[in-house]
Amino acid sequence: MAEALDQIFTALSDPTRRDLVARLAVADATVGELAAPYPVTGQAISKHLRVLEDAGLVSKTADAQRRSVHLEAEVLDLMTPWIERYRTQAEQRYQRLDAV
């Protein structure tokens with residue numbers, strides 16, 4: 001679990017990869033479609049997608065017409081308990097501060 005979480009956070013540490021995830025949350029897309037708004041090569045975007053794929057955040061599917069990249073949104077659920085634990089601790093700390 002910790003290793004998977006490390007991979008997810010590492011993958012999401014890059015702003016381009018976070019943007020790719022945000023765009024894939026709206027709809028599946030091809031590598032070319034994902035690369036279009038960036039001033040980098042399709043190969044560079046493919047490398048970013050490989051990091052996301054290695055972390056389990058995206059998958060690629062091929063049909064007769066196109067190869068799509070798909071967000072595996074359930075992987076983001078692995079982050080929720082970790083984030084929630086620290087959010088709760090911070091909230092409790094602020095409540096204690098408010099009480100003082």
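This passage walks through the salt bridges and the nonpolar core of a predicted model.

Charged pairs come up in several places, with six salt bridges in the structure as a whole. One of them joins the side chains of Arg66 and Glu33, with an N to O distance of 3.4 Å. This pair ties together distant parts of the chain: Arg66 sits in the loop between β1 (58-62) and β2 (67-71), while Glu33 belongs to helix α3 (residues 31-35), and 33 residues separate the two. Neither partner is buried or exposed outright. Arg66 is partly exposed, at a relative accessible area of 31%, and Glu33 is partly exposed too, at 38%.

Other bridges stay inside a single helix. In helix α5 (residues 79-99), Glu84 and Arg87 are three residues apart, about one turn of the helix, and their side chains meet in a salt bridge at 2.4 Å, N to O. Glu84 is partly exposed, with 33% relative accessible area, and Arg87 likewise counts as partly exposed, with 38%.

Helix α4 (residues 42-54) has a bridge of its own kind. Here Asp54 and Arg50 pair up through their side chains at 3.9 Å, N to O. The two are about one helical turn from each other, because they lie four residues apart in helix α4. Asp54 comes out as partly exposed at 47% relative accessibility, and the figure for Arg50 is 47% as well, so Arg50 also counts as partly exposed. This pair doesn't stand alone, either: Arg50 and Asp54 belong to a network of salt bridges that also takes in Glu53 and Lys60.

Away from the charges, there is the greasy part of the model to look at. In soluble globular proteins, nonpolar side chains tend to be buried together. Here, the largest nonpolar core has 21 residues, and the members touching the most others are Leu12, Leu24, Leu34, Leu49, Leu52 and Leu57. Several elements feed into this core, with at least two residues coming from each of α1 (2-11), α2 (15-26), α3, α4 and β2.

Leu24 makes a handy example of how such a residue is packed. Leaving aside residues up to four places away in sequence, Leu24 touches Ala29, Leu34, Val58, Val69 and Leu71. One of these partners, Leu34, is itself among the core members with the most contacts to other members. Helix α3 (residues 31-35) therefore turns up twice in this account, since it holds Glu33 of the bridge to Arg66 and is one of the elements supplying at least two core residues.

How values were computed. Residues numbered from 1 in each chain as written. Predicted model: local features only at pLDDT ≥ 70, side-chain atom pairs only at ≥ 80, totals over all residues. Heavy atoms only, no water. Salt bridge = Lys/Arg side-chain N within 4 Å of Asp/Glu carboxyl O. Buried < 20%, exposed > 50% of the residue type's maximum accessible area, 1.4 Å probe, protein only. Core = buried A, V, L, I, M, F, W, Y, C linked by side-chain atoms within 4.5 Å. Contact = heavy atoms within 4.5 Å.
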